[in-house]
Amino acid sequence: MKLSPRLKAAADEVRCGKKIADIGTDHAHLPIYLVENGICTSAIGSDLREGPIANAKINIANAGLSDRIQLRLASGLDKVSPDEADDIIIAGMGGILISELIEKADWLKDKEKHLVLQPQSHAEILRSYLIQNGYRIEKENVCEDAGRLYCVMSVYYDGEERTYPANYEYYGEIPACKSPLAKEYLIRLSDRYIRDAGNMRCADPKRAEELYSIADTLNRLTAK
Ligand SMILES: C[S@@+](CC[C@H](N)C(=O)[O-])C[C@H]1O[C@@H](n2cnc3c(N)ncnc32)[C@H](O)[C@@H]1O
(Lines give C-alpha, C1' and ligand atoms only; values in the text may rest on other atoms or scores of the structure.)
Protein backbone atom coordinates (compact mmCIF):
# COMPACT_ATOMS: atom_id res chain seq x y z
CA MET A 1 0.00 0.00 0.00
CA LYS A 2 1.46 3.35 -1.01
CA LEU A 3 0.04 6.12 1.14
CA SER A 4 -0.56 9.72 0.17
CA PRO A 5 1.98 12.08 1.81
CA ARG A 6 -0.76 13.25 4.19
CA LEU A 7 -1.65 9.75 5.40
CA LYS A 8 2.04 8.78 5.49
CA ALA A 9 2.67 11.71 7.85
CA ALA A 10 -0.10 10.37 10.12
CA ALA A 11 1.23 6.78 9.88
CA ASP A 12 4.71 7.99 10.91
CA GLU A 13 3.31 9.11 14.27
CA VAL A 14 1.80 5.73 15.17
CA ARG A 15 3.76 3.85 17.85
CA CYS A 16 5.13 0.47 16.82
CA GLY A 17 3.52 -2.65 18.24
CA LYS A 18 0.40 -0.92 19.54
CA LYS A 19 -3.27 -1.74 18.91
CA ILE A 20 -4.65 0.82 16.52
CA ALA A 21 -8.04 2.19 15.48
CA ASP A 22 -8.44 4.35 12.41
CA ILE A 23 -11.60 6.46 12.73
CA GLY A 24 -13.16 7.57 9.44
CA THR A 25 -11.04 4.95 7.73
CA ASP A 26 -12.80 5.33 4.33
CA HIS A 27 -10.71 3.15 1.96
CA ALA A 28 -8.74 1.61 4.90
CA HIS A 29 -5.43 2.60 3.29
CA LEU A 30 -3.98 3.54 6.66
CA PRO A 31 -4.66 0.28 8.56
CA ILE A 32 -3.58 -1.74 5.51
CA TYR A 33 -0.27 0.18 5.39
CA LEU A 34 0.31 -0.18 9.15
CA VAL A 35 -0.27 -3.95 9.16
CA GLU A 36 1.59 -4.60 5.88
CA ASN A 37 4.62 -2.76 7.21
CA GLY A 38 4.63 -4.54 10.56
CA ILE A 39 3.93 -1.35 12.52
CA CYS A 40 1.02 -3.16 14.13
CA THR A 41 -0.12 -6.76 13.98
CA SER A 42 -3.82 -6.03 13.68
CA ALA A 43 -6.06 -2.99 13.41
CA ILE A 44 -9.61 -1.66 13.49
CA GLY A 45 -11.03 0.62 10.84
CA SER A 46 -14.27 2.40 11.66
CA ASP A 47 -16.48 4.57 9.49
CA LEU A 48 -19.90 6.17 9.69
CA ARG A 49 -21.03 5.20 6.21
CA GLU A 50 -21.73 1.88 4.53
CA GLY A 51 -20.11 2.84 1.19
CA PRO A 52 -16.63 3.40 2.64
CA ILE A 53 -16.95 0.25 4.78
CA ALA A 54 -17.81 -1.83 1.69
CA ASN A 55 -14.90 -0.27 -0.17
CA ALA A 56 -12.55 -0.85 2.75
CA LYS A 57 -13.64 -4.50 2.92
CA ILE A 58 -12.64 -5.05 -0.71
CA ASN A 59 -9.28 -3.29 -0.26
CA ILE A 60 -8.51 -5.31 2.87
CA ALA A 61 -9.43 -8.58 1.14
CA ASN A 62 -7.27 -7.66 -1.88
CA ALA A 63 -4.37 -7.03 0.49
CA GLY A 64 -4.97 -10.49 2.07
CA LEU A 65 -5.53 -8.92 5.50
CA SER A 66 -9.17 -9.82 6.25
CA ASP A 67 -8.09 -11.80 9.31
CA ARG A 68 -6.06 -8.92 10.73
CA ILE A 69 -8.11 -5.79 10.06
CA GLN A 70 -11.60 -5.54 11.53
CA LEU A 71 -14.17 -3.05 10.28
CA ARG A 72 -16.86 -1.28 12.32
CA LEU A 73 -19.81 0.70 11.01
CA ALA A 74 -20.27 3.48 13.57
CA SER A 75 -19.80 7.12 14.39
CA GLY A 76 -16.44 7.99 15.87
CA LEU A 77 -15.27 5.60 18.57
CA ASP A 78 -18.78 4.34 19.39
CA LYS A 79 -17.89 0.75 18.46
CA VAL A 80 -14.30 0.70 19.65
CA SER A 81 -13.72 -0.30 23.26
CA PRO A 82 -10.81 0.95 25.39
CA ASP A 83 -9.04 -2.42 25.42
CA GLU A 84 -9.06 -2.56 21.61
CA ALA A 85 -6.96 0.52 20.79
CA ASP A 86 -3.88 2.27 22.14
CA ASP A 87 -3.19 4.53 19.17
CA ILE A 88 -6.21 6.20 17.63
CA ILE A 89 -5.94 8.00 14.31
CA ILE A 90 -8.56 10.51 13.18
CA ALA A 91 -7.54 12.02 9.86
CA GLY A 92 -9.19 13.85 7.00
CA MET A 93 -12.07 15.38 8.97
CA GLY A 94 -12.68 18.93 10.17
CA GLY A 95 -11.27 19.99 13.54
CA ILE A 96 -14.74 20.61 14.97
CA LEU A 97 -15.94 17.09 14.16
CA ILE A 98 -12.70 15.59 15.49
CA SER A 99 -13.22 17.46 18.81
CA GLU A 100 -16.79 16.15 19.02
CA LEU A 101 -15.69 12.56 18.43
CA ILE A 102 -13.01 12.83 21.13
CA GLU A 103 -15.50 14.42 23.53
CA LYS A 104 -17.85 11.43 23.10
CA ALA A 105 -15.16 8.89 23.98
CA ASP A 106 -14.32 9.66 27.59
CA TRP A 107 -12.02 6.65 27.77
CA LEU A 108 -9.47 8.56 25.69
CA LYS A 109 -8.69 10.42 28.92
CA ASP A 110 -6.00 7.88 29.71
CA LYS A 111 -2.25 8.58 29.80
CA GLU A 112 -1.53 5.37 27.89
CA LYS A 113 -3.65 6.34 24.88
CA HIS A 114 -2.14 8.22 21.96
CA LEU A 115 -4.12 10.29 19.49
CA VAL A 116 -2.87 11.06 15.98
CA LEU A 117 -5.04 13.85 14.64
CA GLN A 118 -5.00 15.39 11.18
CA PRO A 119 -7.66 18.10 10.85
CA GLN A 120 -8.58 19.30 7.37
CA SER A 121 -9.86 22.60 8.76
CA HIS A 122 -10.35 24.49 12.06
CA ALA A 123 -7.15 23.17 13.60
CA GLU A 124 -7.38 26.08 16.06
CA ILE A 125 -10.76 24.84 17.39
CA LEU A 126 -9.35 21.35 17.82
CA ARG A 127 -6.28 22.68 19.67
CA SER A 128 -8.52 24.81 21.92
CA TYR A 129 -10.64 21.80 22.75
CA LEU A 130 -7.58 19.65 23.51
CA ILE A 131 -5.80 22.09 25.80
CA GLN A 132 -9.00 22.95 27.68
CA ASN A 133 -9.69 19.28 28.33
CA GLY A 134 -6.38 18.07 29.72
CA TYR A 135 -4.85 16.86 26.46
CA ARG A 136 -1.26 17.83 25.67
CA ILE A 137 -0.09 18.32 22.10
CA GLU A 138 3.24 16.55 22.29
CA LYS A 139 4.31 17.58 18.80
CA GLU A 140 3.03 18.52 15.38
CA ASN A 141 4.31 17.87 11.90
CA VAL A 142 3.51 19.55 8.61
CA CYS A 143 3.31 17.75 5.29
CA GLU A 144 2.50 18.76 1.74
CA ASP A 145 0.00 16.88 -0.37
CA ALA A 146 -1.10 18.05 -3.84
CA GLY A 147 0.10 21.58 -3.09
CA ARG A 148 -1.77 21.86 0.20
CA LEU A 149 -0.16 21.91 3.62
CA TYR A 150 -1.55 19.80 6.46
CA CYS A 151 -0.67 19.49 10.13
CA VAL A 152 -0.59 16.22 12.02
CA MET A 153 -0.80 16.31 15.82
CA SER A 154 0.52 13.76 18.27
CA VAL A 155 -1.56 14.07 21.43
CA TYR A 156 -1.65 12.53 24.93
CA TYR A 157 -3.98 13.08 27.86
CA ASP A 158 -2.44 13.99 31.19
CA GLY A 159 -5.26 15.97 32.79
CA GLU A 160 -2.99 18.86 33.73
CA GLU A 161 -4.05 22.49 33.47
CA ARG A 162 -1.35 24.49 31.73
CA THR A 163 -0.97 28.13 30.87
CA TYR A 164 -0.42 28.66 27.18
CA PRO A 165 0.81 31.78 25.37
CA ALA A 166 -1.78 34.03 23.71
CA ASN A 167 -3.06 32.64 20.38
CA TYR A 168 -1.38 29.24 21.02
CA GLU A 169 -4.40 27.50 19.51
CA TYR A 170 -3.53 29.03 16.13
CA TYR A 171 -0.04 27.55 15.90
CA GLY A 172 0.27 24.83 18.57
CA GLU A 173 3.57 22.98 18.36
CA ILE A 174 4.18 23.86 14.71
CA PRO A 175 6.95 26.39 15.45
CA ALA A 176 8.91 23.58 17.17
CA CYS A 177 8.45 21.27 14.19
CA LYS A 178 11.63 20.46 12.27
CA SER A 179 10.01 20.24 8.84
CA PRO A 180 10.96 23.12 6.49
CA LEU A 181 7.25 23.20 5.62
CA ALA A 182 6.35 24.43 9.12
CA LYS A 183 7.43 28.00 8.39
CA GLU A 184 5.52 27.99 5.11
CA TYR A 185 2.42 26.70 6.94
CA LEU A 186 2.53 29.60 9.40
CA ILE A 187 3.14 32.15 6.61
CA ARG A 188 0.15 30.86 4.63
CA LEU A 189 -2.01 30.92 7.76
CA SER A 190 -0.97 34.48 8.57
CA ASP A 191 -1.70 35.56 4.97
CA ARG A 192 -5.15 34.02 5.25
CA TYR A 193 -5.97 35.86 8.47
CA ILE A 194 -4.77 39.16 7.00
CA ARG A 195 -7.01 38.55 3.97
CA ASP A 196 -9.99 37.65 6.18
CA ALA A 197 -9.36 40.67 8.42
CA GLY A 198 -9.32 42.95 5.37
CA ASN A 199 -12.62 41.51 4.18
CA MET A 200 -14.38 42.10 7.52
CA ARG A 201 -12.76 45.42 8.48
CA CYS A 202 -16.06 47.31 8.07
CA ALA A 203 -18.58 44.58 8.97
CA ASP A 204 -16.82 43.37 12.13
CA PRO A 205 -13.91 45.64 13.05
CA LYS A 206 -13.39 43.93 16.43
CA ARG A 207 -12.91 40.51 14.84
CA ALA A 208 -10.74 42.07 12.13
CA GLU A 209 -8.44 43.47 14.86
CA GLU A 210 -8.27 40.02 16.47
CA LEU A 211 -7.30 38.44 13.15
CA TYR A 212 -4.59 41.07 12.57
CA SER A 213 -3.26 40.32 16.04
CA ILE A 214 -3.21 36.55 15.33
CA ALA A 215 -1.45 37.20 12.01
CA ASP A 216 1.08 39.35 13.85
CA THR A 217 1.77 36.52 16.33
CA LEU A 218 2.24 34.07 13.45
CA ASN A 219 4.58 36.46 11.63
CA ARG A 220 6.71 36.92 14.73
CA LEU A 221 6.98 33.14 15.10
CA THR A 222 8.15 32.71 11.49
CA ALA A 223 10.76 35.46 11.93
CA LYS A 224 12.51 33.51 14.73
C1 LIG B 1 -12.39 12.60 3.83
S2 LIG B 1 -12.57 10.97 4.41
C3 LIG B 1 -10.99 10.73 5.17
C4 LIG B 1 -10.50 9.32 5.00
C5 LIG B 1 -9.16 9.02 5.63
N6 LIG B 1 -9.25 9.04 7.09
C7 LIG B 1 -8.14 10.00 5.14
O8 LIG B 1 -7.69 10.83 5.94
O9 LIG B 1 -7.81 9.95 3.96
C10 LIG B 1 -13.62 11.13 5.79
C11 LIG B 1 -14.21 9.81 6.22
O12 LIG B 1 -14.76 9.98 7.52
C13 LIG B 1 -16.00 9.35 7.56
N14 LIG B 1 -16.78 9.98 8.63
C15 LIG B 1 -17.45 11.16 8.61
N16 LIG B 1 -18.03 11.40 9.80
C17 LIG B 1 -17.72 10.34 10.60
C18 LIG B 1 -18.03 9.98 11.93
N19 LIG B 1 -18.80 10.74 12.71
N20 LIG B 1 -17.55 8.82 12.41
C21 LIG B 1 -16.80 8.00 11.65
N22 LIG B 1 -16.49 8.29 10.37
C23 LIG B 1 -16.93 9.43 9.86
C24 LIG B 1 -16.60 9.51 6.18
O25 LIG B 1 -17.58 8.54 5.92
C26 LIG B 1 -15.33 9.34 5.32
O27 LIG B 1 -15.12 8.01 4.95
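How many salt bridges does the rule find across the interface of domain 1 and domain 2? Keep that in mind as you set up the view.

This is a predicted model, in which local features need pLDDT of at least 70 and side-chain atom pairs count only at pLDDT 80 or more, while totals for chains, interfaces and linings use all residues. Residues are numbered from 1 along each chain as its sequence is written, and side-chain values use heavy atoms, with hydrogens and water left out.

Start by selecting 5–163 as domain 1 and 180–224 as domain 2; these bounds come from an automatic or database domain assignment. Their centres, taken over C-alpha atoms, lie 29 Å apart.

Next, pick out the residues in contact (heavy atoms within 4.5 Å): 11 in domain 1 meet six in domain 2. The two domains bury about 590 Å² between them, with 64% of it on carbon and sulfur atoms. Buried area here is the accessible area (1.4 Å probe) that two parts lose on being put together, summed over both.

Now show Val-142, Glu-144 and Leu-149, which supply 68% of the area that domain 1 buries against domain 2.

Back to the opening question: the rule finds zero salt bridges across this interface, a salt bridge being a side-chain nitrogen of Lys or Arg within 4 Å of a carboxyl oxygen of Asp or Glu.

Finally, colour α5 (123–132), β6 (135–145) and β7 (148–157), each supplying at least two residues of the side of domain 1 that touches domain 2. These elements are DSSP runs (helices: H or I, at least four residues; strands: E, at least two), numbered from the N terminus. The largest share, four residues, comes from β7.
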